Structure formats: C-alpha cells, structure tokens
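Visitor: I would like to go through this model with you, beginning with its interior and then turning to charged pairs and the surface.

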Amino acid sequence: MSSRKRSRSGKSNRWLILLICLGMVLVGLLLLAPMLVTSWVRSYIQKEAFRGKMEQFFGTKLQGSVTLAPLRWTGDEVTTQDAHAMTSSGWRATVSSLHLALDWNAFRQGKWHIINAGADALDLNFTTPTPSTTSVAEQQENEVSSKPEATVTSTIPAWLRSYLPSRTEVDGMNIDRLSLQYPGPWRLTESKVRLGAWQQGELSVQASITGGVIETPIQLPVQPRPIKFNLIRATTRLSPEDLHLSEATLHWLDDSVITLNGHLKPKDGSWNMNAQLAAIPLREVLSDDWKLRLTGMIEGSLEAQSSPKSTPVVKGQIQLKNGVLTALPILDKLATYTGVERFKRIILDIASADISGSADTRRFDKIIIQSNGLMRLEGSLSILNDQLDGRFMIGVTPETLRWIPGAQTHVFTATNPSGTPGLVWTPMRISGSIDAPREDLSERLIGGAGKALLTTPTEIVGKTGEMLLKPVLGEDLSKKPGEVLKSATDILTKPGESANKASELPTKAVEKGLDLFKGVGSGLLGK
C-alpha cells in the first residue's frame, strides 16, 4: 500500500515540476517577447520590403506617390540619398540626404518614435494641376491604394503583429536648405526650416523658416526689376489643404519692415494676405525727378486676396510719415508772391488715404493732406484705365490768400462743416490722365482775379498790382498790372475774342501772368 502511495506521489511531483517548468518557459517567452519583436523588426526594416511599405504609407498619406532611394542603416540611424514625392494637388518635392533615427525605448512602450530627422535640402515646386496631370496622379494614387496591405504585412508573423506599435510620433525635422517655386513666379531660396513635432492623428504640422530671399513678380513702374525681399523669419502651419502663415517678417530696403500673415490654398488656387508696412522709403516708388522733391516714409496696412475665379483685390490704409515737399520752382514763386516762406518747404504733417484696387481700377478714399497752419486737402480719387476722376475740398489760411486778388471773395467761398477750423475752402476737380492730369482751380483763380480787377478802382489796382507783380514779372511789367491780368483772364475766359487782339497784348507779360496763376493751383496741391 505504501509503495503504491509513493508511486502516485512521485508522478504528481513530476507533473508539478513539468507545469512549473512550462510556466517558467512561458514567463521567459513573455519576458523575451519584446526583445524578440525588437530583433525581428530591426531585421525587417533593413529589407527591401520595408522600403516598399514606406513608399506606400507616405504615398497614401500625401494622396500622391513617393519614391525612396535605397535605405542604408547604421545602427539605429537610416539615410537615403534622395526622396521624391508628388501630390494630386500639384506639389512636387525632392529631398536630398534624408536621415533619421528610431527610438527603440519608445518602441518597447508601444509607439514608433522618430528622432534626429533632417535633410540637406528640400526643393518644392507647385504646378497648377491640369486635367491630364490630375488624372495621372489619381491613377497613381488608386494604384497605391489598390495594393492590398496584406501583401506587405503578410511577411509579419501573426503572433508578432499585436506587439507592433500602433502610434507614431516625430520629434521634428531640420532642413538646411529650402527652395520653393510657385506660379507668378514666386520663389524662395536659401532658407532654413524647422518642422515641429507631429504625432499620428494630427492633420497639420508647425514650421519655422529663417533667412532666405523671396523673389516676386511685383515690379513698380520706377523699379528696373521685380521686387526682392529678405526673409527674416516666418512661422507657418502646413496641412494637405492649407498653408496658414501665422507671421512673416521681411526686409526690403534700408530699415523697412513688412509683416505678413494669411492663408494659401494650393488645391483651389485661392489666397489672402494681410501686410503691415513700416518705414518704406518713398523714393523707391517715385520717378527720378520727384525723388528730391517729395520725401518721407510709407506706413500702413494692406489686405489682398485672389482666387482663380476673380482678379486680385487689394485694400487698406496708408500714411506718409515725415513727408516734405520742396525744390519746386512754383513753390519758390508762391513764397515770393504771398510772402509765406513756408511754401519753399512744405512739411506734410498729415498725408493718408484708404486705398483699394483690382486690375485696371484703383481708388483712393478719405484722402487727407495737411500742412499745419498752411493748407489741408480732403477728398477722393479714382483711376480707371489711367483716367483720373478726383473730387476734393481744399482749405488754406486766409493769410495765404491775402495777396491773391479775388481768391477769398470769389473762389474760396465754400463751406466745409467737418473741415479744420480757421481755413477757407473751395472745391476742386481732377481729371485727365496720369500722364496729363488737369485741375480746375487755376482757371477759377484767374477768373476770380479778373472779377477783382473789374470791381476795383483803377488807382488801387495800379498800386496794389505793382507791389504784387514786381517779385514775379519784374519792374517794367509790374507797372502794367491791369493789362497783364486782364489779358491773361481774357485769353482763358474769352479765347475767341482775344485771339484777334493777341498781337496787341504784351505777350511776354501775358505768358508770365498765366504761368503765375496756373502755378498757384498746382502749388497749393504740391505739384
């Protein structure tokens, strides 16, 4: 009996030992499973099948196609000589010397963690999709998506798949040289890029761009070539459908600064941009003969937007800071004639306007040009196909008109309730073309002078006229003020009647008289 019991006890002990050993083996396998999975993955990612997997994965994510050169592994770091990508929205990318590393500690925690990613160069080129290129891209995309994933994953043992990470994280990426081309043509070169961290599920990625040169299709009439900007820094957020520019700081000339923000949607070709301008030299937008006459700095804000179905539209508000108008012969004449020395160098304390434009149409509203204690101009101006249509109110101090016969009593008689107190006002029209503008103030000043002469006693006209005209016409002609002013008035207001008497008039005096009064209107406008 005892021997039978001992036999049963021995068998139970053997089964117990066997179960313990099996349990230890299972525990060992469970403990070694991560190491086995890691070892298998390390081996798998160095195979050609992995490169095909990556081309398929990135091609699907980008909704296009991706081609990778052979991968070279050195420890945990992989490099490829170049990579090419094309999206159905029109973007083409070429990456040179791409490199990255895998964090295997994170792999054991259930996620793909890519670190130390970077590239020597990234070249981006956008071409507006055409029906043919779109169909080719869609065909390539369908080919990629039609490949059953099982053909790629079938090489992975089923029992290992549950151990593979299901999340992906990228610490970021540095690109040493960025080149970007966009229709226009717009071009960005020699920039450095830092892509921010990204994790699976996010639809966009942050990017910071520093340095570089932006070439634009914008060419001002007085500039010999299109404008180029120096990019200081730009912060953007990129997604497949949208490029959101959070802020970009550009330098143009000297200390000028332009700050931008906006959106670009490459797929539908629409964009909108806001710009803040500071310290833009006025001389860069003026012709050579005006660069010494009008100086100052342009500041303001602009908003521009466009889409394939509409022409670009620009609107905003601009000001001229530290504006000075000088070195105009007519201003010197006005200073001499009126006794107001400030006409020789007019300081523009206020010079601002709201602007808008599209194609061949430009409009300037809420125009204000003011020189404190001297004059103020208010109004609007529209330009359509280079034709001018402007309506203004111009106000001057009564002292300015004191020596202009008839100006205050016959011309500057309008009211402007919202205007600056202490000024006398008159309306003014601007017409003609950009190359040959016309204004109606000069003729009305001449007409006012003529009316003043007709209603003033001859003796007073003689004495006052001699005093007024001597600085401009000289001593001989100033002794004939009535003849000079009346002749000038008749030529402008009664050209038919005056033509027959032209030979009897003091021609030189008349010419100078006309120039003088025409100059008054132009001088008050700073022309």
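Visitor: What volume does the largest cavity have?
Guide: This is a predicted model, and a search of the whole structure finds one cavity of 30 Å³ or more. The volume of the largest cavity is about 30 Å³.

Visitor: Which element gives the largest share of the lining of the largest cavity?
Guide: The largest cavity is lined by Leu102, Asp103, Trp104, Phe107, Lys111, Trp112 and His113, and the elements that give two or more residues to this lining are helix H3 (104-108) and S5. By class, the lining has four nonpolar, one polar and two charged residues. The largest share, three residues, comes from S5.

Visitor: Lys111 is among the lining residues; is Lys111 buried or exposed, and which residue does its side chain meet in a salt bridge?
Guide: Lys111 is buried, as is its partner, and the salt bridge between the two side chains has an N to O distance of 3.4 Å. The pair links distant parts of the chain, with Lys111 in strand S5 (residues 111-119) and the partner 58 residues apart from Lys111, in strand S7 (residues 167-170). That partner is Glu169.

Visitor: How many salt bridges does the model have?
Guide: A salt bridge is counted where a side-chain nitrogen of Lys or Arg lies within 4 Å of a carboxyl oxygen of Asp or Glu. Arg283 and Glu284 form one of them, their closest N and O atoms being 3.3 Å apart. By this rule the count comes to 13.

Visitor: Why does Glu284 count as buried, and Arg283 as partly exposed?
Guide: Buried means under 20% relative accessible area, and partly exposed lies between that and over 50%, where exposed begins. Arg283 therefore counts as partly exposed at 37% relative accessibility, whereas Glu284 counts as buried because its value is 15%.

Visitor: How far apart are the closest N and O atoms of Glu48 and Arg51?
Guide: Glu48 and Arg51 are separated by about one helical turn, because they are three residues apart in helix H2 (residues 48-62). Together with Glu55 they are linked in a network of salt bridges, and Arg51 counts as buried at 17% relative accessibility. The closest N and O atoms of Glu48 and Arg51 are 2.0 Å apart.

Visitor: Which residues make the nonpolar surface patch of about 250 Å²?
Guide: One of these residues, Phe57, lies in helix H2 and is partly exposed, with a relative accessible area of 33%. The patch is made by Phe57, Phe58 and Leu62.

Key. Residues are numbered from 1 along each chain as its sequence is written. This is a predicted model: local features need pLDDT of at least 70, side-chain atom pairs count only at pLDDT 80 or more; totals for chains, interfaces and linings use all residues. Side-chain values use heavy atoms; hydrogens and water are left out. Helices (H or I, at least four residues) and strands (E, at least two) are DSSP runs, numbered from the N terminus. Buried means under 20% relative accessible area, exposed over 50%, partly exposed in between (1.4 Å probe, protein chains only). Patches are made of residues with over 30% relative accessible area and no salt bridge: like charges are joined within 9 Å, nonpolar side chains (Val, Leu, Ile, Met, Phe, Trp, Tyr) within 5 Å. Accessible areas come from the Shrake-Rupley method with a 1.4 Å probe; for residues, only the protein chains shown count as cover. On a 1 Å grid over the protein atoms alone, a cavity is a set of points where a 1.4 Å probe fits but cannot get out, and a pocket is an open set with protein on both sides within 12 Å along at least five of seven lines; lining residues have an atom within 4 Å of a point. Grid points are joined across faces, edges and corners, and a volume is the space filled by probe spheres set on the points. Ala, Val, Leu, Ile, Met, Phe, Trp, Tyr, Cys and Pro count as nonpolar, Asp, Glu, Lys and Arg as charged, and the others, Gly among them, as polar.
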